[in-house]
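Welcome to this guided tour. Open your viewer, keep the selection box at hand, and follow along stop by stop.

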Amino acid sequence: MSDIKMPVLPNTATVDEVVEVIMAAGGVIIENFLDAPLLQKLKADLDAILARTPTGSDAEFAGVQTRRAGTLFARTRYMADVALHPLFKGAADKILRKKISYGWMGNQRIEQVPDIRIGVTQVIQIGPGQVEQPLHRDDFAFFWEHQPGAGEARLQVMVAITDFTAENGATHVIPESHKWDDERMPTPEEAIQAEMAAGSALLFIGSTYHGGGANRTADFWRTGLTMTYDLAQVRQEENLYLALPVEVVKTFSEELQTLLGWSWIPSSKMGWIEIEGEMCSPIELLHGKQVSGVHPSPLLVPSES
Ligand SMILES: O=C(O)CCC(=O)C(=O)O
Ligand SMILES: [Fe+2]
């Protein structure tokens, strides 16, 4: 274990300061990311979910003394406070929404500012006896390659819902590992632990090597809430379209509906549905429109022959 410390910023830091530290170190701890009353309400909701969640069966990665629950936007009303936290959303916009130029459309040079979407929502509760998770990069989910200039695909938050300590499984992070290529293997000696008080949060990018810690306590369950912002052109890792009931999504602001994926990418129309012969954004479905020709689907109507 390295004796370097994870960089820490107060919640009064600016977005630019947060981005600067993340891009230098691969991650940063924001102290008091959530205020105490909000943390308490969020914790009550997450504890109720976790009480109904069994430990997992994946010994390799997810852990067998670990509880993981998703679909959090339908299970607690406080997810919006995490997703739209100015430092998290602000840093995600700055890190991920970098103008790119590529190719041509006829004689027009294509220049895009990529959109972002919410890719994962998960509460992770590491229990006594859980062993360390292998060090990994989360952008592995997109088969992201780490070449100079490749840019970042993900900004992730890990909010400490309980205190995170070295003994209870605080997340391991290898500082500056986001600068590595794909050949260099991470080793536990290079990692440091993101120890932080409940309410603080670790922000880190998809190319930073990290992993859940071992829980060596007798009876303390370490609880962390994680959420990612990802480039909109990669697939959302958690299948939010199927997981979140559409009635719930309809109650959200259009900003949140878009971030959750109920919108296309306007410039490329990626994610379109057809309505009346036009490629349209699926947000139209939340405004009462229907996809053409499937209500009712002829496949569900008994055929005459
Ligand atoms: O629980 C943690 O501290 C990290 C978990 C993690 O990195 C993962 O499951 O991908
Ligand atoms: Fe991870």
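Two strands count as paired if DSSP finds at least two bridges between them. Helices (H or I, at least four residues) and strands (E, at least two) are DSSP runs, numbered from the N terminus. This is a predicted model, in which local features need pLDDT of at least 70 and side-chain atom pairs count only at pLDDT 80 or more, while totals for chains, interfaces and linings use all residues. Residues are numbered from 1 along each chain as its sequence is written, and chains are lettered from A and ligands numbered from 1 in the order in which they are written.

**Stop 1: a three-stranded sheet**

Select 192-193 and 210-211, the edge strands β9 and β11, each of which pairs on one side only. With β8 they make an open, antiparallel sheet in the order β9-β8-β11. Add 172-173 to see β8, which is joined to β9 by two bridges. In this pairing, V173 has I192 of β9 as its bridge partner.

**Stop 2: ligand 1**

Now show what is near ligand 1, where near means that the C-beta atom of a residue, placed from the backbone, lies within 6 Å of it. The shell consists of I124, I126, Q133, D138, M158, T171, H210, G211, G212 and G224. Two elements, β6 and β11, each give two or more residues to this shell. How do the shell residues divide by class? Three are nonpolar, six polar and one charged. Here Ala, Val, Leu, Ile, Met, Phe, Trp, Tyr, Cys and Pro count as nonpolar, Asp, Glu, Lys and Arg as charged, and the others, Gly among them, as polar.

**Stop 3: strand β6**

Stay with β6 and select 116-126. Nine of the 11 residues of β6 are buried, meaning that 20 or more other C-beta atoms, placed from the backbone, lie within 10 Å of a residue's own; 12 or fewer make it exposed, and anything in between partly exposed. Add 66-69 for β3, which runs antiparallel to β6 and is joined to it by four bridges; A69 stands opposite V123. Then add 222-231 for β12, which pairs with β6 in the antiparallel sense over nine bridges. I118 has Y229 of β12 as its bridge partner.

**Stop 4: strand β10**

Select 201-205. Is β10 largely enclosed or open? All five of its five residues are buried, so the strand is largely enclosed by the rest of the structure. A201, L203 and I205 cover one side, and L202 and F204 the other. Strand β2 (27-30) is joined to β10 by four antiparallel bridges, with I29 opposite L202. Strand β7 (154-160) is joined to β10 by five antiparallel bridges, with Q156 opposite F204.

**Stop 5: T12**

Pick T12, in the loop between β1 (8-9) and α1 (15-25). T12 is exposed because it has 10 other C-beta atoms within 10 Å. Add F33, 21 residues away in sequence and 9.5 Å away in space, C-alpha to C-alpha.

**Stop 6: the two domains**

Finally, colour 8-238 as domain 1 and 245-305 as domain 2; such bounds come from an automatic or database domain assignment. Their centres, taken over C-alpha atoms, are separated by 30 Å. The contact takes 11 residues from domain 1 and nine from domain 2, two residues being in contact if their C-beta atoms, placed from the backbone, lie within 7 Å. On the domain 1 side, α3 (79-83) and β6 each supply at least two residues. That side has six nonpolar, three polar and two charged residues.
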